[in-house]
Amino acid sequence: MTTHKLVSKFYGRVWNAGDRAALDDLLSDSFTFQGSLSPEVAGREAFWQMVTMVRGALSSYHCEILDCVSEDASAFAKMRFSGQHTGPFRGYAPTGLMAAWHGAALFHFDGNRIGKIWVLSDTAALDAVLAANAEAARGGAVTARSLQIR
(Lines give C-alpha, C1' and ligand atoms only; values in the text may rest on other atoms or scores of the structure.)
Protein backbone atom coordinates (compact mmCIF):
# COMPACT_ATOMS: atom_id res chain seq x y z
CA MET A 1 0.00 0.00 0.00
CA THR A 2 1.36 3.44 -0.89
CA THR A 3 1.93 6.03 1.82
CA HIS A 4 -0.83 8.24 0.36
CA LYS A 5 -3.29 5.33 0.57
CA LEU A 6 -2.25 4.69 4.19
CA VAL A 7 -2.98 8.35 5.02
CA SER A 8 -6.36 8.15 3.25
CA LYS A 9 -7.30 4.92 5.02
CA PHE A 10 -6.20 6.35 8.38
CA TYR A 11 -8.49 9.37 8.10
CA GLY A 12 -11.31 7.50 6.40
CA ARG A 13 -11.47 4.51 8.72
CA VAL A 14 -10.22 5.86 12.06
CA TRP A 15 -11.43 9.46 12.20
CA ASN A 16 -14.36 9.59 9.77
CA ALA A 17 -15.85 6.14 10.40
CA GLY A 18 -14.71 5.63 14.01
CA ASP A 19 -13.45 2.13 13.20
CA ARG A 20 -11.43 0.89 16.21
CA ALA A 21 -10.31 -2.25 14.33
CA ALA A 22 -8.51 -0.04 11.81
CA LEU A 23 -5.90 0.83 14.44
CA ASP A 24 -4.54 -2.72 14.42
CA ASP A 25 -4.45 -2.70 10.62
CA LEU A 26 -2.87 0.73 10.13
CA LEU A 27 -0.74 1.62 13.18
CA SER A 28 2.59 0.09 14.18
CA ASP A 29 3.09 -1.53 17.58
CA SER A 30 5.21 1.47 18.67
CA PHE A 31 2.80 4.14 17.31
CA THR A 32 2.92 7.68 18.78
CA PHE A 33 0.72 10.70 18.11
CA GLN A 34 1.44 14.35 18.91
CA GLY A 35 -1.41 16.72 18.11
CA SER A 36 -2.76 20.13 19.00
CA LEU A 37 -5.89 18.86 20.76
CA SER A 38 -4.24 16.60 23.33
CA PRO A 39 -0.92 15.72 24.95
CA GLU A 40 1.31 13.26 23.13
CA VAL A 41 -0.05 9.72 23.27
CA ALA A 42 1.78 6.43 22.81
CA GLY A 43 0.10 3.23 21.73
CA ARG A 44 -3.12 2.35 20.00
CA GLU A 45 -5.34 2.32 23.09
CA ALA A 46 -4.24 5.78 24.31
CA PHE A 47 -4.73 7.13 20.81
CA TRP A 48 -8.20 5.56 20.57
CA GLN A 49 -9.19 7.32 23.81
CA MET A 50 -8.25 10.65 22.24
CA VAL A 51 -10.14 9.81 19.02
CA THR A 52 -13.19 8.88 21.10
CA MET A 53 -13.00 12.18 23.03
CA VAL A 54 -12.91 14.28 19.85
CA ARG A 55 -15.59 12.26 18.04
CA GLY A 56 -17.77 12.37 21.17
CA ALA A 57 -17.60 16.16 21.29
CA LEU A 58 -17.96 16.69 17.55
CA SER A 59 -20.67 14.53 15.98
CA SER A 60 -20.29 13.75 12.29
CA TYR A 61 -16.59 14.46 12.72
CA HIS A 62 -14.89 14.55 9.34
CA CYS A 63 -11.31 14.90 8.19
CA GLU A 64 -10.82 16.02 4.60
CA ILE A 65 -7.43 15.69 2.95
CA LEU A 66 -6.92 18.86 0.92
CA ASP A 67 -3.44 17.97 -0.28
CA CYS A 68 -0.96 15.17 0.40
CA VAL A 69 2.64 14.73 -0.63
CA SER A 70 4.87 11.81 0.20
CA GLU A 71 8.50 10.89 -0.04
CA ASP A 72 10.17 7.68 1.05
CA ALA A 73 8.74 6.74 4.48
CA SER A 74 7.00 10.07 5.18
CA ALA A 75 3.93 11.98 4.07
CA PHE A 76 2.58 15.45 4.74
CA ALA A 77 -1.13 16.29 4.50
CA LYS A 78 -2.98 19.61 4.54
CA MET A 79 -6.27 18.97 6.32
CA ARG A 80 -9.71 20.38 7.02
CA PHE A 81 -11.38 19.10 10.19
CA SER A 82 -15.08 19.60 10.96
CA GLY A 83 -17.93 18.38 13.12
CA GLN A 84 -21.14 19.35 14.87
CA HIS A 85 -20.37 20.54 18.40
CA THR A 86 -22.59 18.23 20.50
CA GLY A 87 -20.41 17.60 23.56
CA PRO A 88 -18.10 19.63 25.81
CA PHE A 89 -14.97 20.58 23.86
CA ARG A 90 -12.00 22.84 24.65
CA GLY A 91 -13.90 24.44 27.52
CA TYR A 92 -17.01 25.21 25.48
CA ALA A 93 -20.47 23.79 26.17
CA PRO A 94 -22.11 22.09 23.18
CA THR A 95 -24.01 24.37 20.80
CA GLY A 96 -25.16 21.94 18.12
CA LEU A 97 -23.46 24.18 15.56
CA MET A 98 -20.78 23.17 13.06
CA ALA A 99 -17.13 23.90 13.73
CA ALA A 100 -14.35 23.63 11.15
CA TRP A 101 -10.65 24.42 11.09
CA HIS A 102 -7.47 23.59 9.18
CA GLY A 103 -4.37 21.68 10.14
CA ALA A 104 -1.38 19.82 8.82
CA ALA A 105 -0.15 16.33 9.58
CA LEU A 106 3.28 14.79 9.18
CA PHE A 107 3.28 10.99 8.96
CA HIS A 108 6.26 8.67 9.46
CA PHE A 109 5.82 5.08 8.34
CA ASP A 110 7.18 1.91 9.85
CA GLY A 111 7.08 -0.55 6.97
CA ASN A 112 3.47 -0.80 5.77
CA ARG A 113 2.06 0.83 8.91
CA ILE A 114 2.00 4.31 10.41
CA GLY A 115 4.64 4.70 13.12
CA LYS A 116 4.26 8.33 14.14
CA ILE A 117 1.98 11.27 13.40
CA TRP A 118 2.59 14.90 14.28
CA VAL A 119 -0.38 17.26 13.76
CA LEU A 120 -0.50 21.04 14.03
CA SER A 121 -4.02 22.47 13.99
CA ASP A 122 -5.11 26.09 13.73
CA THR A 123 -6.48 26.06 17.27
CA ALA A 124 -6.83 29.86 17.27
CA ALA A 125 -9.33 29.58 14.40
CA LEU A 126 -11.04 26.64 16.10
CA ASP A 127 -11.40 28.56 19.36
CA ALA A 128 -12.72 31.59 17.47
CA VAL A 129 -15.39 29.42 15.82
CA LEU A 130 -16.33 27.78 19.14
CA ALA A 131 -16.56 31.18 20.86
CA ALA A 132 -18.68 32.66 18.04
CA ASN A 133 -20.94 29.61 18.10
CA ALA A 134 -21.33 29.92 21.88
CA GLU A 135 -22.30 33.58 21.48
CA ALA A 136 -24.76 32.74 18.71
CA ALA A 137 -26.28 29.94 20.82
CA ARG A 138 -26.86 32.46 23.62
CA GLY A 139 -28.75 34.63 21.13
CA GLY A 140 -25.95 37.15 20.67
CA ALA A 141 -24.93 38.65 17.38
CA VAL A 142 -21.63 37.58 15.95
CA THR A 143 -20.11 40.68 14.38
CA ALA A 144 -16.55 39.50 13.80
CA ARG A 145 -15.24 38.59 10.37
CA SER A 146 -16.74 35.52 8.83
CA LEU A 147 -15.65 32.46 10.76
CA GLN A 148 -16.53 30.05 7.98
CA ILE A 149 -13.53 27.88 7.14
CA ARG A 150 -13.39 26.77 3.53
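Contact here means heavy atoms within 4.5 Å, and axes are lines fitted to C-alpha atoms, for helices over the stretch in contact, with angles running from 0 to 180 degrees between N-to-C directions. Helices (H or I, at least four residues) and strands (E, at least two) are DSSP runs, numbered from the N terminus.

Before you click, know that this is a predicted model, where local features need pLDDT of at least 70, side-chain atom pairs count only at pLDDT 80 or more, and totals for chains, interfaces and linings use all residues. Residues are numbered from 1 along each chain as its sequence is written, and side-chain values use heavy atoms, leaving out hydrogens and water.

**Stop 1: the sheet.** Select the six strands, which form an open sheet in the order 2-1-6-5-4-3 with mixed pairing. Two strands pair if DSSP finds at least two bridges between them. At the edges you will find strand 2 (41–42) and strand 3 (58–71), each pairing on one side only.

**Stop 2: walking across the strands.** Strand 3 pairs with strand 4 in the antiparallel sense over 11 bridges; look for V69, whose bridge partner in strand 4 is F76. Strand 4 is in turn joined to strand 5 by 11 bridges, and these two run antiparallel. Here M79 has G103 of strand 5 as its bridge partner. Continue to strand 6 (residues 113–121), which pairs with strand 5 in the antiparallel sense over eight bridges. Now zoom in on the hairpin of strands 5 and 6: two residues lie between the strands, and G111 in the turn has a positive phi of about 70°.

**Stop 3: helix 4.** Select residues 123–137, a helix of 15 residues. Which strands does helix 4 lie across? Helix 4 crosses strand 4, strand 5 and strand 6, running at about 155° to strand 5. Color its buried residues (under 20% relative accessible area, 1.4 Å probe, protein chains only): A125, L126, V129, L130, A132, N133 and A134. What covers them includes strand 4 (74–85) and strand 5 (98–110). Just after the helix comes G139, with a positive phi near 90°.

**Stop 4: two helices meet.** Show helix 1 (residues 3–16) and helix 3 (residues 44–57), which pack at an angle of about 65° with their axes 10 Å apart. That makes helix 1 roughly perpendicular to helix 3, a label for angles of 65 to 115 degrees. Turn on the side chains in this contact: F10, V14, W15 and N16 of helix 1, and F47, W48, M50, V51, V54 and R55 of helix 3.

Note on methods
The expected span of a helix is 1.5 Å times one less than its number of residues. Buried means under 20% relative accessible area, exposed over 50%, partly exposed in between (1.4 Å probe, protein chains only). Angles under 35 degrees count as roughly parallel, over 145 as roughly antiparallel, 65 to 115 as roughly perpendicular and the rest as oblique.
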